[in-house]
Amino acid sequence: MAEIREDEDQKPGISILPGPELLALPGFDTRASIASAALSDVPSDVIIKSRIRYGSPLSACKGLLLEYSKSTTIHGIRYIFEVHRPIYEKLYWLFFTCISVYFAVSLIWDTYLKWQDSPVILGFDETLVPVHKIPFPTITICPEIKMERNLFDYTNVSRLLWEEYKQNGTVSDLDDEELARMAAAMHICDPDVVQRFTPLLSQMHPPFVDITQTLIDLSISKNETGPFCKWNGRFYFCDKIFDFVATDEGICYQFNGLRPKDIYRDEKFISYVDPDVVNFNNYFDVDLPRWNNITGNWSLDTGFVDQGQNAYPQRTVFSSAKNGFFAFLQGLQHNFDYDCRSFKQGYKVFLNSPESVPLTSGNYILVPHGDEVLVSVLPAYVVSTDNLHEITPEKRQCLFDDERSLRFFKSYSQSNCQTECLANFTVAKCGCAKFWMPKPVGTPVCGLNDITCYTAAQDELYALLQNETMAKSIDDNVEITCNCMPACTSLEYNFEISRAKYDIAKTIRAFREEYEHSDAIGSRLSVYFKEHQFTAIKRTILFGVSTLISNCGGICGLFMGISCLSFLELLYFFCMRICGSCRDRRKHKIQQMCSDDQLDKNSEDNRSTK
């Protein structure tokens, strides 16, 4: 018994792991594969651990792969790499696993492309918006009659000027006042008229004149163009609720617009500010209760804050024509002028949001003399969710107010951006700005000799924008000048028009009245909301980062059974487990070397004893 115990003491430490003898069974070459039929009765766990612990580096890597496939939650992998699995079963699982991987990768790629190309969706808002939540549109009325003939008879002056030029080849019969007014009128006349008279007037060296103020002085007064108006059920003299504004159409009348100090960063950026202050308590019927004093504020992002019925800008609760805007407009035939603007007579009417300037190059409503025009307004209100900030403006195709700061305007809108772009381009090309444009303080207003320059600059900018837009449709890397994208929160007003003939003479006769103007041709304009409530458009994220991750995770789970922990499991096996196996193999190798040295030493001692 002592000898047996002594022999056991001389044996190396017994390991519970399978030894290297499992790598080469008796009767077989030691280089035989572990996957041979001779190992069919050996448990697969024993074979895998033997490979990892005692095999070559390549065999250890295969063993680790087999261990991973046996433990992983990914479907199909364990059947492909299982040790005792028949080859036809492995091929079966390999085929369907590859098919699943193919469909999963294809669907994930399609989802990624959709996230890249169209991460934003425009849809209807969940709730209806009452019309009192938004301001009534700003109405800009631009008459085609630009000058009061009693102040300046452009038709007579221009004809005499042209006849003298044709007879004598020169012009010298204009005093300084008429010459200055003629030069100012060139900025609002038709292009062919400007082309005909500008060279003649330039030779006469007209005196310097404030163009905007001159056009204001020559324009027809607010009260003569609009004798009376009606707003929200109350009658007004139109001059009490109209402002003079300078536009590309000349001098126009504006209702419900913000004051220049609330639109521009500095009032000095524009050439004219109407000194009259609008007061909506100046209505005809003094017995009606007065409106509340205006308090609070309004912006497109926050809406009306702490404002009552008398708000700034104005709003209405109802959608009827009675609670909308009405104006009686009149044109006196002795003021009709077909020499400066020859194409049409009447009024151009523009609707826009109060925080923006009207774009006179856009859509307008034509109100001819002798017509009644009813305009039912359909708001196009677009709101955006705050989480759109995480998507780049190029992808969502809009700009938030805090992402783009304009030089002249307090708030960003597409029309404000386009106006500023044209103004900057004109100043860069001509060194001056057209009379209606915002401009840096100290920049002069373009004079008579600059008309050709700013007209060419405007045509050049529009051609440039058109070419760049077409080029960007082919190459996304093309940069567009100014890049005036829509605002993420925007308000526009679509409209439907109904019209009929209106005879002022018959109307006055029906009322048994006499009218002070014998040559007046009247027109009636009514603007009102079509419905009490409307559906807003909501811009929101279709595919955010979280949606992308959840969609990709759902596809991976459906086709391969992969979850987030499956990826952690993959990292664990091929990082931490590899390091642990290398450490165990190194420790086993050191122990084996120590055991061999001990055996050699014992053998030498036994030989020396004998």
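Student: Which residue is the bridge partner of Leu-374 in strand β14?

Tutor: Ser-526 is the β14 residue that pairs with Leu-374. Please keep in mind that this is a predicted model. Leu-374 belongs to strand β12, which covers residues 371-384, and β12 pairs with β14 (residues 520-529) in the parallel sense over six bridges.

Student: Which other strands does β12 pair with, and in which sense, parallel or antiparallel?

Tutor: Let's take them in turn. With strand β13 (residues 490-501), β12 runs antiparallel, and 12 bridges join the two. You can find one spot by looking at Val-377, which stands opposite Phe-495 in β13. With strand β15 (residues 533-541), β12 runs parallel, joined by three bridges. There, Val-382 stands opposite Ile-537.

Student: How should I read the side chains along a strand, and is β12 largely enclosed or open?

Tutor: Here is the general idea: in a regular strand, side chains alternate between the two faces of the sheet. Now for the case here. In β12, 10 of the 14 residues are buried, so the strand is largely enclosed by the rest of the structure.

Student: What about the largest nonpolar core: how many residues does it have, and which have the most contacts inside it?

Tutor: The general idea is that such a core is a set of buried nonpolar residues joined through side-chain atoms within 4.5 Å. In this model the largest one has 104 residues, and Tyr-154, Met-186, Phe-325 and Leu-525 have the most contacts inside it. Helix α14 (residues 414-430) gives this core its largest share, six residues.

Student: Which residues does Met-186 touch?

Tutor: Leaving aside residues up to four places away in sequence, Met-186 touches Tyr-154, Val-193, Val-194, Phe-197, Thr-198, Leu-201, Leu-448 and Ile-451. Try showing those side chains together on your screen.

Student: How many aromatic pairs does the structure hold, and what describes such a pair?

Tutor: A pair of aromatic rings is described by the distance of the centres and the angle of the planes. The structure holds 31 aromatic pairs. Take Tyr-236 and Tyr-283: their ring centres are 6.1 Å apart and their planes stand at 85 degrees, so the pair is edge-to-face. This pair links distant parts of the chain, with Tyr-236 in strand β4 (residues 234-236) and Tyr-283 in the loop between α12 and β7, 47 residues apart. Both tyrosines, Tyr-236 and Tyr-283, are buried.

Student: What kind of pair do Phe-269 and Phe-408 form?

Tutor: Phe-269 and Phe-408 are edge-to-face, at 5.1 Å centre to centre with 65 degrees between the planes. Phe-269 lies in the loop between α12 and β7, and Phe-408 in the loop between α13 and α14, so the pair ties together parts that are 139 residues apart in sequence. Both Phe-269 and Phe-408 are buried. Ring pairs can also link up into a cluster, and one here includes Phe-136, Trp-231, Tyr-236, Tyr-283, Phe-325 and Phe-529.

Student: Where does the charged end of Arg-196 sit?

Tutor: Over the ring of Trp-162, 5.7 Å from its centre. Another case is Arg-234, which lies over the face of Trp-291 at 3.9 Å from the ring centre.

Student: How many disulfides are there, and which cysteine does Cys-142 join?

Tutor: The general idea is to look for two cysteine sulfur atoms within 2.5 Å, and the count here comes to eight disulfides. One of them joins Cys-142 to Cys-252, with an S to S distance of 2.0 Å. Cys-142 is in strand β2 and Cys-252 in strand β6, 110 residues apart. With 105 degrees about the S-S bond, this link is right-handed.

Student: Is the disulfide of Cys-417 and Cys-484 right-handed or left-handed?

Tutor: The torsion about its S-S bond is about -75 degrees, so the Cys-417 and Cys-484 disulfide is left-handed. Cys-417 lies in helix α14 and Cys-484 in the loop between α15 and β13, so the pair ties together parts that are 67 residues apart in sequence.

Student: Why is Cys-552 not bonded to Cys-556?

Tutor: Cys-556 holds the closest cysteine sulfur to that of Cys-552, but the distance is 6.7 Å, too far for a bond. Cys-552 has 17% relative accessibility and counts as buried, because buried means under 20%.

Key: Residues numbered from 1 in each chain as written. Predicted model: local features only at pLDDT ≥ 70, side-chain atom pairs only at ≥ 80, totals over all residues. Heavy atoms only, no water. Buried < 20%, exposed > 50% of the residue type's maximum accessible area, 1.4 Å probe, protein only. Helix = DSSP H or I, 4+ residues; strand = E, 2+ residues; numbered from the N terminus. Pairing = 2+ DSSP bridges. Contact = heavy atoms within 4.5 Å. Phe/Tyr/Trp six-rings, centres within 6.5 Å; stacked < 30°, edge-to-face > 60°. Lys NZ or Arg CZ within 6 Å of the ring centre and 35° of its normal.
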